[in-house]
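Have your viewer ready and load the model. We will move through it one selection at a time, with a word on what to look for at each stop.

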Amino acid sequence: MRVTASDALLVIDAQNDFCEGGALAVQGGAGVMPLINRLAARFDTVIATQDWHTPDQISFASNHADATPFTEIEVAYGPQMLWPDHCLQGTLGAHFHPEVAPAIRRALAVVRKGYNPAVDSYSGFFENDHRTATGLAGLLRDRGVTRVFLCGLAYDYCVRFTAEDAVREGFEAVVIEDACRAIAPDTAAAAKASFAARGVGEIEAVTILG
């Protein structure tokens with residue numbers, strides 16, 4: 001697959017808290033960072049997303065009495081999964097993993113998300129209210145991008161919702177599956193089914209790297 005000037009690589013939440021030893025670690029998260037670097041070297045346009053939460057974030061289980069992580073509650077904008085506190089603004093956990101530094105250096109922009117304490121944000125395009133835009137779509141259009149490739153963490157949440165919103169915004173979306181890692185098998189299966197239904201492509205990195 002040939003990468004062109006109208007393609008962009010979206011590096012999703014390649015942060016310490018989502019890697020081994022982090023507050024919301026995804027198994028094998030750190031292991032995809034070298035592959036992300038190799039992929040980023042092939043693209044003229046690289047954009048990274050970064051979870052950037054305040055301590056009073058609505059999605060933190062610690063902010064709800066008697067709540068436990070990985071359970072759902074209902075909030076003003078619909079169902080919301082509760083998480084351990086993670087990616088707090090300015091903390092080491094919110095920083096990009098050191099092994100992905102070459103890709104981040106290539107990034108045209110870093111789109112920070114989830115900084116509104118009243119609304120969580122999975123997608124790089126919209127917060128979880130599905131109305132508040134991050135500005136990513138406009139940035140991509142200004143660059144003449146028509147197709148986005150996605151990699152990073154986690155496949156079944158932030159990669160998934162960013163890919164789905166990319167399609168809604170009129171972009172072709174392709175997930176580089178082996179450059180992602182998932183939180184859980186059941187949500188990974190749900191993401192894969194959703195991709196198939198919505199026209200999100202899936203490839204292996206070798207398709208680009210050869």
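## First stop: serine 121

Select serine 121, which is buried, with a relative accessible area of 1%. Keep in mind as you look around that this is a predicted model. Serine 121 sits in the loop between β5 (109-113) and α3 (136-142). Now show polar contacts: the side chain of serine 121 reaches the backbone oxygen of serine 123 at 3.4 Å. Which residues is serine 121 in contact with, leaving aside its neighbours within four places in sequence? Select Asp51, Lys113, Gly114, Phe126, Glu127 and Asn128 to see them.

## Second stop: the cavities

Next, turn on a cavity display. A search of the whole structure finds two cavities of 30 Å³ or more.

Start with the largest, which holds about 120 Å³ of space. Its lining is made of 15 residues, and those nearest its centre are Phe18, Leu24, Asp51, Tyr157 and Cys158. You have met Asp51 already, among the contacts of serine 121. Colour the lining by residue character and you should get nine nonpolar, three polar and three charged residues.

Then go to the second largest cavity, with about 40 Å³ of space. Select Arg112, Lys113, Tyr115, Glu127, Thr132, Ala133 and Thr134, which line this cavity. Here the lining divides into two nonpolar, two polar and three charged residues. Lys113 and Glu127 are also familiar, as contacts of serine 121.

## Third stop: helix α1

Select residues 33-40 for helix α1: six of its eight residues are buried, so the helix is largely enclosed by the rest of the structure. Show side chains for the buried ones, Met33, Leu35, Ile36, Asn37, Leu39 and Ala40. What do these buried residues of α1 pack against? Bring up the strands β1 (7-12), β2 (45-51), β6 (147-153) and β7 (172-181), together with the helices α2 (101-105) and α6 (206-209).

## Last stop: the whole protein

Zoom out and switch to a cartoon. The protein has six helices and eight strands, and along the sequence they follow the pattern β-α-β-β-β-α-β-α-β-α-β-α-β-α. The radius of gyration is 16 Å, close to the 17 Å that the globule rule gives for 210 residues, so the protein is as compact as a globular protein of that length. Along its principal axes, the C-alpha trace spans about 50 × 30 × 30 Å.

Colour by accessibility to finish: buried residues make up 53% of the 210 residues. If you draw a contact map, take the contacts between residues at least 6 apart in sequence; 74% of them join residues at least 24 apart.

Note on methods:
Residues numbered from 1 in each chain as written. Predicted model: local features only at pLDDT ≥ 70, side-chain atom pairs only at ≥ 80, totals over all residues. Heavy atoms only, no water. Buried < 20%, exposed > 50% of the residue type's maximum accessible area, 1.4 Å probe, protein only. Helix = DSSP H or I, 4+ residues; strand = E, 2+ residues; numbered from the N terminus. Contact = heavy atoms within 4.5 Å. 1 Å grid on protein atoms, 1.4 Å probe; cavity = no way out; pocket = protein on both sides within 12 Å on 5 of 7 lines; lining within 4 Å. Points joined across faces, edges and corners; volume = space filled by probe spheres on them. Nonpolar A, V, L, I, M, F, W, Y, C, P; charged D, E, K, R; others polar. Polar contact = N/O pair within 3.5 Å; in protein donor to acceptor, adjacent residues only side chain to side chain. Rg over C-alpha atoms; globule rule 2.2 N^0.38 Å.
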